[in-house]
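Student: I have a structure to read and no idea where to begin. Can we walk through it together?

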Amino acid sequence: MNNTEFPDTSGDPLRILRGVDSGFDDPVAPDAAFADALRDRLRRGATLPEGVIMSTTVETVSAPTQSEPVVERPGALPYLTVADARAAIDWYVANLDARLRGEPIVMEDGTIGHAELEMGGGVVYLAGEFADMGLRAPTPGHVSVSLMLAVDDTDAAVARAGRGGASVTREPYEGYGNRTGTIIDPFGHRWMLTGPSKSAVAASDRIAQGDLVYMSLQTPDAARAARFYRAVLGWEYDPASRQVTNLGHRLGISEAGDYGNNTLYCVYAVDDFGSAREAIIAAGGAVGSIDEVSSDGARVLDAVDDQGVRFSVHVPDPAAPRSPQHPRGIGEMSYLTVLTPDSARLRAFYGSVLGWEFHPGRIDDGWEVDDVRPQIGIGGGADTSVAVPMWIADDVEAAVERVRDAGGRVIDEPQRAPYGVTARCADDQGAEFYLGQLF
């Protein structure tokens, strides 16, 4: 290619489109129609979004009201690259309350060359991938920019995005006078959804019916399991109480007996024992007695669901704080996959008993339980019923080597997902589990 075909563009705002100074061996000529249309958009964009004033002086920002989260105006306008621009526009409109401004610029090959979305009081630009210009969508686990978006209700916005297919990488938390949660959308971009602070403990911060409040690893040999998980995850186990003592949530290790080997026994929160008992029986399950199960006087009602899986329910202290959706402490259970022969029966039973609601997951006959803590997913069509936990590791690559050294088995080697790195393993007695390293 003869570089004389390209005149001096030092004063051209679209210089970058030609690949000049971009590191490419040869400059690239942009499509003429696209360049003209984009130049026009940039001229209009120089006025900035409505309500934003350009000044050479420092602006002072008045203190926000409770309904106005602090999200500063951008110093640079976000311009996202996505693999499927049409799908991305639809997703942002449906899940982040975006509004398409004007009509997108469509290239001859059908690729969207430019689109504008109004959201959070400002505007975000968006386009499809242009490999010739080095513009590609993020790859899983490789995000270099976070977008902070103002929302009215952080908890509701994060939950909505999660139901829409986003990965929730950090549940809502309080900080700097705001409440913020972090997601990675289905197109690889990371958003920090920021809304008003909830300084007082609200009902949403307390344990809710259907939450998983206690877990017990059911295993043929408790002492052997304790040695294995101490070596892999650093668990500290007290044989007298049968409890793991160094985690942020309650977890026991017990020899299974009638409860079934190599699964996680679950205790769920309910509002009261009487109503729970009636609901379990009406749904086709069975109930036992109400017993004290720990030195602190915690009481549970033992039960069996209509597919023969044993579980218990517990009425929590009203002042007890709610677990994070995805606990992140080393060795903690961050996600539970419940495998079942019949997902329709499971959803009907626990929907009736615990009030669970579901939305489709990312696999065939896969389902996610809405707004339950910690997060629970359902997988139908299994040969038998089993609950498979995901334990948090600081380094999954190193943790799988510890699994092998301790006599366990690595079923699926570590792989990246939008939310982190995972590996599927089994302990030295055959219990399957996932290791997770969240981003």
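Student: How many helices and strands does the protein have?
Tutor: Keep in mind that this is a predicted model. Count the elements of its secondary structure, and you get 7 helices and 24 strands.

Student: What share of the residues is buried?
Tutor: Buried means under 20% relative accessible area. The protein has 439 residues, and the buried part of them is 43%.

Student: Among contacts between residues at least 6 apart in sequence, what share joins residues at least 24 apart?
Tutor: Take the contacts in the protein that span at least 6 places. The part that joins residues at least 24 apart is 61%.

Student: Which helix gives the most to the largest nonpolar core?
Tutor: In soluble globular proteins, nonpolar side chains tend to be buried together. Here the largest nonpolar core holds 55 residues, and Tyr-229, Trp-235 and Leu-435 touch the most other members. With 7 residues, the top contributor is helix H4, residues 222–233.

Student: Which residues does Trp-235 contact, leaving aside neighbours within four places in sequence?
Tutor: Trp-235 is one of the core members that touch the most others. Its contacts include Tyr-229 and Arg-230. The rest of the list is Leu-217, Val-244, Asn-246, Leu-247, Leu-251, Ile-253, Gly-331 and Trp-391.

Student: Where do the buried residues of H2 lie, seen down its axis?
Tutor: Helix H2 covers residues 85–95, and its buried residues are Ala-85, Ala-88, Ile-89, Trp-91, Tyr-92 and Asn-95. Seen down the axis, these fall within an arc of 165°, so they line one face of the helix.

Student: Which residue with a positive phi follows H2?
Tutor: Look just past the helix. The phi there is positive, near 60°, and the residue is Asp-97.

Student: Why is strand E23 described as largely enclosed?
Tutor: E23 runs over residues 420–426. It is largely enclosed by the rest of the structure because the buried residues number 6 of the 7.

Student: Which residues stand opposite Thr-422 in E22 and E24?
Tutor: E23 runs antiparallel to E22, joined by 6 bridges. It also runs antiparallel to E24, joined by 7 bridges. In E22 the residue opposite Thr-422 is Gln-415, and in E24 its bridge partner is Gly-436.

Student: How many residues lie between the strands in the hairpin of E23 and E24, and which one takes a positive phi?
Tutor: E22 and E23 form a hairpin with 2 residues between them. For E23 and E24 the number is 5, and the residue with a positive phi, near 100°, is Gly-430.

Conventions: Residues are numbered from 1 along each chain as its sequence is written. This is a predicted model: local features need pLDDT of at least 70, side-chain atom pairs count only at pLDDT 80 or more; totals for chains, interfaces and linings use all residues. Side-chain values use heavy atoms; hydrogens and water are left out. Buried means under 20% relative accessible area, exposed over 50%, partly exposed in between (1.4 Å probe, protein chains only). Helices (H or I, at least four residues) and strands (E, at least two) are DSSP runs, numbered from the N terminus. The arc is that of the directions from the helix axis to the C-beta atoms. A nonpolar core is a set of buried Ala, Val, Leu, Ile, Met, Phe, Trp, Tyr and Cys residues joined through side-chain atoms within 4.5 Å. Contact means heavy atoms within 4.5 Å. Two strands pair if DSSP finds at least two bridges between them.
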